[in-house]
Amino acid sequence: MRLGAVLGALRPALPLLLGLSLGCSLSLLRASWSHGAAEERCLAPGPPALPARGAPPEAAEGRPGPGHEDFRPRIVPYYRDPNKPYKKVLRTRYIQTELGFHERLFVAVLTSKATLNTLAVAVNKTVAHHFPRLLYFTGLRSAKVPHGMVLVAHGDERPIWLMYETMNYIHQHFGSDYDWFYIMQDDTYAQAEQVKALVTHLSINQDVYLGRAEEFIGGDEQARYCHGGFGYLLSRSLLLKLHPHLDSCRNEILSVRPDEWLGRCIIDFLGISCVSQLQGQHYHTYELAKNTEPEKEEEEEFQAALAVHPVSDMTLMYRLHKQFSRIQLDRVYQEIQDLQMQIRNLTALTPAGEAGVTWPVGINAPFLPKSRFEVISWDYFTEQHLFSCPDGSPKCELSGASKADVSEIIESAVEQLNRLYQPLLRFSKRQLLNGYRRFDPTRGMEYTLDLLLEAATQKGHSRVLAKRVSLVRPLSKVEIIPMPYVTEATRVQLVLPLTVQDLDFVANFLDMFAMNTLDTHDNALLTLLFIYHPYDAQRVGQVDVFAGVKAMVGELEKRYAEVKIPWISVKTEVPSQVKLMDIVSKKHPVDTLFFLASVWTEINMEFLNRCRMNTISNWQVFFPVHFQEFNPALVYRGEQTASSNTDFLRDGHFDRHSFAEACFYNSDYMTARTKLAADILDRDEVLESMEVFDVFLHYSGLHLFRAVEPGLVQKYTLRSCNPRLSEELYHRCVLSNLEGLASRSHLAMALFEQEQANST
């Protein structure tokens, strides 16, 4: 009975126990067999087994061969010669640069002196702005090179010589920078976006020779070359392998056509033939017949083509570009509709149901404020005026980009209404009654329009009605703009203008400069600009108002023997920023990187590095928006003091009204200043109404990069606004002082406490 009861209790667990015991037994048997085989191999007498024919020695021992260096771990020991002085290593700020990443696609266009100003210009206007890098190669250059085209002339019009020199030039200058090389002629129309999409789906580790495969005349039926008229794609690995054989190909291969010569060179020395499809990707082409009208081409082969050839004239090139742009736009609209339908179908299965579908479908939901201070306000406008002006005035005329934006959005609203209600109704705009817009950072620009429309039926009846519509201009695709390479080794020349009102803050500035730059041996220098009032300048022999500052500078130069801090004295009643920079600019080389600072700025290495990286000679200037701390008397009111780690949401704000700090190269400033001088014609009073920012904005074609800078912190101070400056500069200074007092919540609390004290 007891045995039966025990078996009955264990019966449900018997399959589990049997499975465990069986698994353990099989694993023990497998381990004993594997150990036995290993021992037999290790103890077997005789010489070691030879690897298979063609296999590397490492492969015979189970290690990866020479073709798998990427997977073999290597330890590189660090060694520093004790006899050499230690030198600080300057590393790049870009991971892509440090790891040696390559750009994606380089495009070479083969042209000639006869077609440079016709077909090559058409290629440049249609597809050049879609490719990251595009160069034109010709034998002989014309007298005038078209604007915006980078041309390389080899000095010989022979087609084979042009191809040979072009391949050499590409390898020498771009072989180590790009993964793919696309070669095309100027009588070829290429769909740039399709070509870029093609290379993103191909592996860069293979030797690729991709294009329209053609047979050699009287040659091997298996060998193919890529037809040059339809363009062809070469991988970087193939270009590197081909380059050592180009000289042999030039001497040994005879051909009339350059594409056949290149194809024969690749086949003879590398054994690679042209293919029209690779890794599931097809290189579609279309050959144009004579008198073809692109607008009437509806074949699938034409719509899927990556390259079209031959293009006889510029007009046909532009017509092809227009037609393919229309085809691409229709595809995008159809893809958007399909995605919206999928989103609707999937949202119905979510817990929120159809209520979870956002409008427009696929666009991010509107921003939800967490407090009343985060509510995004709407700007009111009409067709003539805007009621939220940049200068703070209540009403201003609608002009420029804002006027074009309003006109476009009204036209789009009427067009969408007609698309929705036709053929039953036809709408035409009579008047914009009310307009509202706001920028939502999560989705884009939102519009609400009250339109007075005239609606006409099919029978000719019409009626005037008012209708409210809502529109969204969503944020477009974010792109990475190619920028010139910048290093951190550039020396920064700090320029500090000082007036009598700034004397109380100079000591703190110099202490921070010494601690963050001189102690750390940062590559930065300082120049002081003493601005004397005419009355103080007359008394400088008896009483020098800047004597204390000069004594501080002397102490710093004694403490740091290798450092010299020069100063420049200026006498003026109106310290115009442009006039002051004119004086400093003449005393420094043209390649000097200036940082125009203010006495309240706390200099640190983090910001100086960003100043170097964000300022690019002949390309970009940097105007940081510093962080301004609030008035501690209003923020803390004696309860607590500001902590060392600034709480940005409570203790201050980014002062967008101040343009006092700037990073720019002297050469860029001198170029813009020359254009300004030609414009104002020696009217010095105009300079009093301008800042350095205005000079670069109106008189240079450089990028003006203005961004918030958390590393540039200023203590609170009530700045003195000079009424002798222009009205705009004085107004900016007053607004900066007012907004720098405290946040709205702190001001409200101060008013509340004041009212409580007055009531008691």
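Let's start with a small open sheet of three strands, ordered β5-β13-β12, where the pairing is mixed. At its edges sit β5 (189-190) and β12 (285-287), each of which pairs on one side only. Keep in mind that this is a predicted model. Strands of a sheet pair through backbone hydrogen bonds, either parallel or antiparallel. Here, β12 and β13 (residues 307-309) run parallel and are joined by three bridges. Want a residue to look for? Pick Y286, whose bridge partner in β13 is V308.

On to the helices. The axes of α6 (residues 159-174) and α10 (residues 258-270) come within 8 Å, crossing at roughly 50°. That angle falls between the cut-offs of 35 degrees for roughly parallel and 65 for roughly perpendicular, so α6 and α10 count as oblique to each other. As for the hand of the crossing, α6 passes α10 in a right-handed one.

Now for the rings: the structure holds 30 aromatic pairs. Two of them are set out here, with the distance between ring centres and the angle between ring planes.

| Ring pair | Centre distance | Plane angle | Geometry |
|---|---|---|---|
| F174 and Y178 | 6.1 Å | 65° | edge-to-face |
| Y421 and F427 | 5.6 Å | 70° | edge-to-face |

Why do F174 and Y178 count as edge-to-face? Their planes stand at 65°, and the cut-off for that label is over 60 degrees. The planes of Y421 and F427 are at 70°, so this pair is edge-to-face too.

Are these rings buried or exposed? F174 has 7% relative accessibility and so counts as buried; Y178, also at 7%, is buried as well. For the other pair, F427 is buried with a relative accessible area of 5%, whereas Y421, at 31% relative accessibility, counts as partly exposed. The limit behind the buried label is under 20% relative accessible area.

F174 also ties back to the helices, since α6 spans residues 159-174 and F174 is one half of the pair with Y178.

Ring pairs can also chain together. F594, F623, F659, F664, Y669, F693 and F696 are linked this way into a cluster.

Finally, two arginines lie over aromatic faces. R264 sits over the face of F216, at 4.1 Å from the ring centre. R437 does likewise with F381, at 5.7 Å from the ring centre. To place R264 in the fold, note that α10 covers residues 258-270.

Note on methods. Residues are numbered from 1 along each chain as its sequence is written. This is a predicted model: local features need pLDDT of at least 70, side-chain atom pairs count only at pLDDT 80 or more; totals for chains, interfaces and linings use all residues. Side-chain values use heavy atoms; hydrogens and water are left out. Two strands pair if DSSP finds at least two bridges between them. Helices (H or I, at least four residues) and strands (E, at least two) are DSSP runs, numbered from the N terminus. Rings of Phe, Tyr and Trp (its six-membered ring) pair if their centres lie within 6.5 Å; planes under 30 degrees apart count as stacked, over 60 as edge-to-face and the rest as tilted. Buried means under 20% relative accessible area, exposed over 50%, partly exposed in between (1.4 Å probe, protein chains only). A charge sits over a ring if NZ of Lys or CZ of Arg is within 6 Å of the ring centre and within 35 degrees of the ring normal. Axes are lines fitted to C-alpha atoms, for helices over the stretch in contact, and angles run from 0 to 180 degrees between N-to-C directions. Angles under 35 degrees count as roughly parallel, over 145 as roughly antiparallel, 65 to 115 as roughly perpendicular and the rest as oblique. A crossing is left-handed if the near helix is turned anticlockwise from the far one by less than a right angle, and right-handed if clockwise.
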